[in-house]
Amino acid sequence: MDPVTRVPGPIGQRALLITTLAVPLTGWTLHALTLHRRLAAERRDPLTGAQRRAAFERRAQRLLARHRQDSLLCLVDLDHFKRLNDTHGHAAGDAALAATGERLARWAGPHGVVGRLGGDEFAVATRTDTRTGEDTIGQHLQALVDALHEPVPTEAGPVAVAASVGAAVPDYLGIHALPALMRGADVSMYRTKHSGHYGWAETEDLQTPTINGRRQGRPGTALERAA
C-alpha cells in the first residue's frame, strides 16, 4: 500500500472514523448556525438593530420580573419625523432611525433591551439603581433625551432631530406588568411631547383606557370608543 494513503493500526482507524463522523457534524453545525442567524434576523429590525416588538416584549418582561427594584422602562417617539422625511428625504429618515437605535442601545447598556415598536416609535427596558432617588434617575433620563437630540450625520450633512421620552419606574409605581408600564410610559411621553423634557409616569396614568393595546386618544384610536 502507498505509505501516503495507508491507515496504520488502530490509531489510524480511529482518526479515519473521527474524520468521517466530523463531515456530517460539520454540515449540521453550519446548518444550525445558519438557522440561528436567520432566527436572529427575524427577531431584529435590520435598520436599527433593535428587537422587533414580540421579541422585545418577551425580553423586557423577563428583565422587569427579575429586577423588580432596579429597572426602568421608556417609550421613545421621534418628533416631526414625517417632516424630516419630506424635507431631507427618506435616506435621512433612515439615518435618524438607525442613529436612534444605536443611541438607545448605548444608553441601555449590555443588560438592557431595545425594541422598535413600529415606524419611529421605540421602547427600551434597562436596569438602573432606582434606590438612588428621583434626582439620579432624572439625570439618567435627561442624558437619554440629550443623546436623542444630537444631530444625525448624513451624506448631505448633519440633520437636526428631536425625540419625546416617557418613563415608567416599576418600583415607584408598584407594578411590574409590561403592558401597564408601557401604557404609563406612553401617557407620560405624550404629556411632555415636543417639550424637550422626559415624562414621568404616575399611578393614575396606568388606568388610562386602551383600544387594542394602544392608549385611547393615540393616532389610530377613536376617542369615543371604550377600552
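Where is the place of His-194? That is a handy spot to start a friendly read through this predicted model, and the points below work outward from there.

1. **His-194.** The residue sits in the loop between α7 and β6. Its phi is near 70 degrees, a positive value in a residue other than glycine, so a backbone check might well begin here. With 47% relative accessibility, His-194 falls in the partly exposed class, because that class runs between 20% and 50%.

2. **His-80, another positive phi.** His-80 is not a glycine either, yet its phi is positive, about 55 degrees. This histidine is found in the loop between β2 and α3, the latter covering residues 81-88. A relative accessible area of 40% makes His-80 partly exposed.

3. **Lys-193 and Asp-77.** Back in the loop that holds His-194, there is a charged contact to look at. Lys-193 forms a salt bridge with Asp-77, and the closest N and O atoms are 2.9 Å apart. The pair links distant parts of the chain: Lys-193 belongs to the loop between α7 (178-191) and β6, Asp-77 belongs to strand β2, and 116 residues separate them. Both partners are buried.

4. **Arg-191 and Asp-205.** Another salt bridge brings together the side chains of Arg-191 and Asp-205, at 3.0 Å from N to O. Arg-191 lies in helix α7 while Asp-205 lies in the loop between β6 and β7 (210-211), so the contact ties together parts that are 14 residues apart in sequence. How do the two ends fare for cover? Arg-191 is partly exposed, with a relative accessible area of 46%, whereas Asp-205, at 6% relative accessibility, counts as buried.

5. **A shared network.** Asp-77, Asp-79 and Lys-193 are joined into one network by salt bridges that share partners. For the overall tally, the structure holds eight salt bridges.

6. **A salt bridge inside a helix.** Arg-53 and Glu-57 also form a salt bridge, with their closest N and O atoms 3.4 Å apart. Both residues lie in helix α2, four residues apart, which is about one turn of the helix. Arg-53 is partly exposed at 34% relative accessibility, and Glu-57 is partly exposed at 29%.

7. **The positive patch.** Which residues gather in a patch of positive charge on the surface? They are Arg-43, Arg-44, Arg-58, Arg-59, Arg-62 and Arg-66. Helix α2, spanning residues 53-66, gives the most to this patch, with four residues. Arg-44 comes from elsewhere in the fold, lying in the loop between α1 (9-43) and β1 (51-52). At 38% relative accessibility, Arg-44 counts as partly exposed.

8. **The sheet.** Six strands form an open sheet with mixed pairing, in the order β1-β3-β4-β2-β5-β6. Strands β1 and β6 stand at the edges with a single partner strand each, so one side of each has no neighbour in the sheet.

9. **β5 and its neighbours.** Strand β5 pairs with β2 (residues 71-78) through six bridges, and these two strands run antiparallel. Asp-77, already met in the salt bridge with Lys-193, has Ser-164 of β5 as its bridge partner. Strand β5 is also joined to β6 (residues 199-200), here by two bridges and in a parallel sense. On that side, Gly-166 has Gly-199 in β6 as its bridge partner, and Ala-167 stands opposite Trp-200 in β6.

10. **Cover on β5.** Is β5, residues 163-168, mostly covered or mostly open? It is mostly covered, with six of its six residues buried. The cover reaches both faces: Ala-163, Val-165 and Ala-167 are buried on one side, and Ser-164, Gly-166 and Ala-168 are buried on the other.

11. **Pulling it together.** Asp-77 makes a good anchor for a second look. The residue is the bridge partner of Ser-164 in β5, forms a salt bridge with Lys-193, and shares a network with Asp-79 and Lys-193. The loop between α7 and β6 is worth revisiting too, with Lys-193 and His-194 both placed there.

Methods: Residues are numbered from 1 along each chain as its sequence is written. This is a predicted model: local features need pLDDT of at least 70, side-chain atom pairs count only at pLDDT 80 or more; totals for chains, interfaces and linings use all residues. Side-chain values use heavy atoms; hydrogens and water are left out. Patches are made of residues with over 30% relative accessible area and no salt bridge: like charges are joined within 9 Å, nonpolar side chains (Val, Leu, Ile, Met, Phe, Trp, Tyr) within 5 Å. Accessible areas come from the Shrake-Rupley method with a 1.4 Å probe; for residues, only the protein chains shown count as cover. A salt bridge is a side-chain nitrogen of Lys or Arg within 4 Å of a carboxyl oxygen of Asp or Glu. Lys and Arg count as positive and Asp and Glu as negative; His and the chain ends are not counted. The place of a charge is taken as NZ of Lys, CZ of Arg, CG of Asp or CD of Glu. Buried means under 20% relative accessible area, exposed over 50%, partly exposed in between (1.4 Å probe, protein chains only). Two strands pair if DSSP finds at least two bridges between them.
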